[in-house]
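The following exercises are intended for a reader who meets this protein for the first time. Each sets a task and then works through the solution step by step.

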Amino acid sequence: MSSESVKRDDVLIRSERRSAGWALLASELAVLFRRRRTWAMLVAVALIPILLAIAVKLSSDTLAPGEGPPFLDRVTQNGLFVGFTAMVVAIPLFLPLTVGVVAGDTIAGEAGLGTLRYLLVAPAGRVRLLLVKYAGAAAFCLAATLTLTVAGALIGVALFPVGPVTLLSGDTITVTESVLRSLLIAGYVTVSLLGLSAIGLFISTLTDVPVGAMAATIVVSVVAQILDVLPQLSWLHPWLFSHYWLGFADLLRQPLDLSSFASNALVQGGYILVFGALAYSRFSTKDILS
């Protein structure tokens with residue numbers, strides 16, 4: 001066989017593998033976003049800003065600055081703050097809860113249903129399957145944060161006046177720029193959840209019981225946040241994946257401060273690498289026939 005034929009065969013094989021990988025990703029996203037559970041969680045996330053806005057609208061009490069969650073006292077003055085306040089409320093529990101459910105189900109769910117072995121019969125391989133499963137969890141992170149952001153903006157516009165936004169630095173920006181800041185915050189929060197998604201992926205490779213993997217991922221999130229508030233462990237705080245979750249407040253200053261975004265991305269990247277490697281180490285030797 002000539003060298004040209006060998007090269008041509010190699011190109012064809014690589015092309016087929018890439019096609020199989022993209023097809024597997026498309027299938028994973030289709031399955032994920034066709035599930036009623038996924039849509040139920042997204043609806044629950046959307047209800048957070050809606051209920052918050054309705055509660056503020058119906059309340060006759062005027063909040064003093066700093067009272068309640070951050071930005072809550074500004075909601076009645078400008079509806080665009082509904083999304084910011086809802087994000088602060090959702091990050092500690094609601095968003096990690098939904099991400100824990102999705103990430104914990106990645107591998108354990110397939111193993112529990114008995115479909116894992118059939119997925120690996122395809123030319124995708126274990127590494128590619130792990131990457132696809134993680135990409136699906138990351139896509140859900142983005143969908144959840146965008147759902148919260150859009151729902152907050154819509155209910156804010158419907159119930160409260162909307163105008164130029166006064167930032168934490170005292171500067172005022174236009175409505176258009178505030179919308180861009182909201183999308184940037186959604187990106188920040190999405191990045192914040194990627195480390196937890198990697199932890200959930202790893203835990204999911206350890207068991208065939210998806211509920212156990214989901215619960216363990218959520219518990220890890222709660223424990224990390226508890227450790228983050230203990231002053232005795234201040235040396236550990238910068239290394240916790242939850243430490244920068246609320247750092248998006250720096251995006252509401254003028255000039256725009258991206259230092260927290262960079263620190264957050266660096267920490268989340270470290271967790272992705274470490275727990276991605278652990279997930280591969282475990283999954284590469286996992287007995288899928290048992």
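**Exercise 1.** Determine whether Gln-268 is buried or exposed, and describe its surroundings.

*Solution.* The model is a predicted one. Begin with the accessibility: the relative accessible area of Gln-268 is 1%. Buried means under 20%, so Gln-268 counts as buried. Next, place the residue in its element: Gln-268 belongs to helix α11, which covers residues 259-283. Then list its contacts beyond four places in sequence: Gln-268 touches Val-191, Ser-192, Leu-194, Gly-195, Leu-196, Phe-241 and Trp-245. Finally, examine the polar side chain: one of its polar atoms lies 3.0 Å from the backbone nitrogen of Gly-195.

**Exercise 2.** Identify the residues with the most contacts inside the largest nonpolar core, and examine Ile-185 in particular.

*Solution.* The core in question has 70 residues. Those with the most contacts inside it are Met-87, Leu-95, Ile-185, Val-189 and Phe-248. As to the origin of the core residues, helix α7 gives the largest share, with 12 residues. Now turn to Ile-185: apart from neighbours within four places in sequence, this residue is in contact with Phe-84, Met-87, Phe-248, Leu-251 and Leu-252. A general tendency may be set beside this result: in soluble globular proteins, nonpolar side chains tend to be buried together.

**Exercise 3.** Locate the nonpolar patch on the surface and state which elements give two or more residues to it.

*Solution.* First, collect the members: Leu-142, Leu-146, Val-157, Val-162, Val-175, Val-179, Leu-180 and Leu-183. Together they have about 630 Å² of accessible area. Second, assign them to elements: α7 (125-159) and α8 (175-192) each give two or more residues, and the largest share, four residues, comes from α8. Third, take one member as a check. Leu-183 lies in helix α8, and its relative accessibility is 46%. Exposed means over 50% and buried under 20%; Leu-183 therefore counts as partly exposed.

**Exercise 4.** Describe the protein as a whole: its elements, its burial and its contacts.

*Solution.* Count the elements: there are 11 helices and two strands. Read from the N terminus, their order is α-α-α-α-α-α-α-β-β-α-α-α-α. Of the 290 residues, 44% count as buried. The exposed area of the protein is about 14,400 Å², and carbon and sulfur atoms supply 69% of that area. Lastly, consider contacts with a separation of 6 or more: residues 24 or more positions apart account for 76% of them.

Key
Residues are numbered from 1 along each chain as its sequence is written. This is a predicted model: local features need pLDDT of at least 70, side-chain atom pairs count only at pLDDT 80 or more; totals for chains, interfaces and linings use all residues. Side-chain values use heavy atoms; hydrogens and water are left out. Patches are made of residues with over 30% relative accessible area and no salt bridge: like charges are joined within 9 Å, nonpolar side chains (Val, Leu, Ile, Met, Phe, Trp, Tyr) within 5 Å. Accessible areas come from the Shrake-Rupley method with a 1.4 Å probe; for residues, only the protein chains shown count as cover. A salt bridge is a side-chain nitrogen of Lys or Arg within 4 Å of a carboxyl oxygen of Asp or Glu. Buried means under 20% relative accessible area, exposed over 50%, partly exposed in between (1.4 Å probe, protein chains only). A polar contact is a pair of N or O atoms within 3.5 Å; within protein, one must be able to donate a hydrogen and the other to accept it, and residues adjacent in sequence count only if both atoms are side-chain atoms. Contact means heavy atoms within 4.5 Å. A nonpolar core is a set of buried Ala, Val, Leu, Ile, Met, Phe, Trp, Tyr and Cys residues joined through side-chain atoms within 4.5 Å.
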